[in-house]
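Reader: Please take me through the interior of this model, with the cut-offs behind each term.

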Amino acid sequence: MARGNIDITVPDQTGKRIVLTGGSDGIGLGIATRLAAAGGELVLPVRNQRKGEAALERIRAAAPDAKVTLRELDLSSLDSVAALGATLLAEGDPIHILINNAGVMTPPDRQTTADGFELQLGTNHLGHVALVGHLLPLLRAGRARVTSQVSVAAARGSINWDDLQWQRSYDGMAAYRQSKIAFGLFGLELERRSQRLGWGISSNLSHPGVAPTSLLAARPEVGRDADTPQVRIIRALSARGILAGTPRTAGLPALQAATAADAGGLLVSPRGPGRLGGAPAEQRLYRPLQSEADAQRNWTVSEELAGVRFPG
């Protein structure tokens with residue numbers, strides 16, 4: 001299939017409330033636009049309000065009837081996550097889809113969140129854990145589908161249990177892998193606990209493959225003042241249709257996992273070589289995501305660090 005023809009059908013989302021993190025640019029903006037065009041009522045929690053307003057304009061240009069609102073959220077602050085949770089709980093509307101898409105990748109030096117966590121673990125994983133915890137009553141009310149965006153990086157590596165915050169020696173890529181493995185284990189354990197305890201939630205994982213987005217580009221907020229060599233290579237490959245996807249095609253796995261998959265506990269990713277690009281399809285879980293014992297340990301530690309307690 002030619003890359004330009006890669007697509008999925010997004011079912012009608014009329015009447016569904018959808019919360020999407022990281023929807024102000026890149027892959028997330030493409031996901032947001034498709035969901036809004038399908039009739040969903042979209043809530044976009046964003047850290048940068050200027051970018052959020054620009055995203056609203058682009059979504060409404062593509063889908064003039066879109067129902068989209070912004071909320072404030074900084075995933076690197078548990079207080080900010082709790083504030084968003086309180087706002088949405090006060091509104092009281094059931095949530096039918098939650099897509100945990102936002103993330104940061106490999107800051108050149110070790111940085112910490114407002115709560116003192118290593119930035120990638122705190123933002124990619126713990127912030128989303130806290131968000132799910134705070135929104136659980138609304139997710140249960142909507143019998144929600146939760147989709148958590150992991151990464152091809154989760155195919156290898158491990159959780160650094162003896163130094164979760166990478167205080168003794170910092171390896172940016174290893175810390176990134178850890179954050180995505182921990183997040184994937186959480187998403188799978190959420191599915192298991194929902195089934196066992198009757199929460200009515202289904203939880204899947206997705207990953208976008210590789211595409212030219214802002215994740216590895218210049219991002220002064222994480223201490224990166226210039227584009228990385230990796231993103232330059234990815235842009236060149238993507239432009240030539242070699243291995244890498246585009247921001248549009250990279251959003252398809254999350255869309256499929258959130259709207260079309262008929263079961264929980266799945267990993268949906270590109271099916272091309274190395275799972276770097278191509279049409280979305282269900283894939284075998286990466287080895288670091290397969291241990292239920294690791295998932296249970298990760299759940300317990302994550303509850304403690306994120307300051308949330310799930311029932312049961």
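**Rings and cores**

Author: Both F186 and W299 are buried, where buried means under 20% relative accessible area, exposed over 50% and partly exposed in between, with a 1.4 Å probe and protein chains only. This is a predicted model, in which local features need pLDDT of at least 70 and side-chain atom pairs count only at pLDDT 80 or more, while totals for chains, interfaces and linings use all residues. Residues are numbered from 1 along each chain as its sequence is written, and side-chain values use heavy atoms, with hydrogens and water left out.

Reader: How are the rings of F186 and W299 arranged: stacked or edge-to-face?

Author: Rings of Phe, Tyr and Trp (its six-membered ring) pair if their centres lie within 6.5 Å, and planes under 30 degrees apart count as stacked, over 60 as edge-to-face and the rest as tilted. The centres of the F186 and W299 rings are 5.0 Å apart and their planes stand at 20 degrees, so this pair is stacked.

Reader: How many residues apart in sequence are the parts that F186 and W299 tie together?

Author: Helices here are DSSP runs (H or I, at least four residues) and strands likewise (E, at least two), numbered from the N terminus. Because F186 lies in helix α5 and W299 in helix α9, the pair ties together parts whose separation in sequence is 113 residues.

Reader: Which residues do ring pairs link into a cluster?

Author: W199 and F310 also form a stacked aromatic pair, at 6.2 Å centre to centre and 25 degrees between the planes. Both W199 and F310 are buried. Ring pairs link into a cluster the residues F186, W199, W299 and F310.

Reader: Which helix supplies the largest share of the largest nonpolar core?

Author: A nonpolar core is a set of buried Ala, Val, Leu, Ile, Met, Phe, Trp, Tyr and Cys residues joined through side-chain atoms within 4.5 Å. The largest one has 46 residues, and L88, L139 and F310 have the most contacts inside it. At least two residues of this core come from each of α3 (78–91), α4 (119–141), α5 (172–197) and α9 (292–306). The largest share, 10 residues, is supplied by α4.

Reader: Is H128 buried or exposed?

Author: H128 has its place in helix α4, and a polar atom of its side chain lies 3.0 Å from the backbone oxygen of N124. With a relative accessibility of 0%, H128 counts as buried.

How values were computed:
Polar contact = N/O pair within 3.5 Å; in protein donor to acceptor, adjacent residues only side chain to side chain.
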